[in-house]
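Biologist: Please take a close look at a single part of this model, a hairpin, and then describe what surrounds it.

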Amino acid sequence: GVLEYVQKTPLKTKKESLSKIIKKSLSPMHFHTNITLFPPENDVIYDCDQIKMEIVFGNLLLNSIQAIGTDKGKIIIKIHDTPNTIKIMIHDSGKGVSNEFIPKMFDPLFTTKQEGTGLGLSCVKNIVEQHDGTVSIKSCPTIVTITLPKIIK
């Protein structure tokens with residue numbers, strides 16, 4: 001099952017609501033009352049593989065929840081629609097990532113967690129790249145930015 005997430009299988013694209021995909025990816029997660037979630041205020045319809053994008057947002061949001069832990073915190077999700085791209089930004093108030101680890105964050109099997117496979121962000125990168133997009137991380141505060149082209153090649 002884990003390999004299914006990492007392997008590049010063909011995309012099954014159709015026009016989908018990014019806000020609905022984000023909300024659906026949140027449904028299996030358990031938020032503690034210490035975390036306030038700010039979902040995107042707007043929506044964009046995007047030609048993408050819904051199931052794969054749910055995996056992307058699920059992994060990123062789970063990382064945010066784990067980064068906040070039991071501290072009081074927030075997760076802010078924003079969607080910016082530009083003429084050529086769509087940018088989705090997930091900002092959390094967790095502890096952040098050491099700058100020395102950022103270049104390795106998307107490498108398969110790399111993890112900073114005691115419990116984890118190190119495949120989540122690698123999977124995120126593979127799926128975003130299949131959609132001809134890019135993903136990046138900056139820390140303190142932690143912001144993950146996904147940039148997707150309006151037209152997939």
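Modeller: Two strands count as paired if DSSP finds at least two bridges between them. The model is predicted. In it, strand 6 (residues 134-138) and strand 7 (residues 142-149) run antiparallel and are joined by five bridges. Together they make a hairpin with three residues between the strands. One residue of that turn, C140, has a positive phi of about 60°.

Two of the pairings can be named. V135 has I146 of strand 7 as its bridge partner, and I137 stands opposite V144. In a regular strand, side chains alternate between the two faces of the sheet. Strand 6 has V135 and I137 on its covered face, while T134, S136 and K138 are on the uncovered one.

The hairpin belongs to an open sheet of five strands in the order 2-4-5-7-6, with mixed pairing. Strand 6 is an edge strand, as is strand 2 (35-38), and each pairs on one side only. Neighbouring strands of the sheet are turned by 10° against each other on average, direction ignored.

Helix 2 (residues 18-26) packs on this sheet, where it touches strand 2, strand 4 (73-81) and strand 5 (85-92). The direction of helix 2 makes about 155° with that of strand 4. Helix 3 reaches the hairpin's strand 7: it lies across strands 2, 4, 5 and 7, and runs at about 25° to strand 5.

Helix 3 (residues 50-68) spans 27 Å from its first C-alpha to its last, close to the 27 Å expected for its 19 residues. D49 caps its N-terminal end, with a side-chain oxygen 3.3 Å from the backbone nitrogen of I51. After helix 3 comes G69, with a positive phi near 65°.

Definitions and conventions:
Residues numbered from 1 in each chain as written. Predicted model: local features only at pLDDT ≥ 70, side-chain atom pairs only at ≥ 80, totals over all residues. Heavy atoms only, no water. Helix = DSSP H or I, 4+ residues; strand = E, 2+ residues; numbered from the N terminus. Expected span 1.5 Å × (residues − 1). Polar contact = N/O pair within 3.5 Å; in protein donor to acceptor, adjacent residues only side chain to side chain. Buried < 20%, exposed > 50% of the residue type's maximum accessible area, 1.4 Å probe, protein only. Axes fitted to C-alpha atoms, helices over the stretch in contact; angles between N-to-C directions. Contact = heavy atoms within 4.5 Å.
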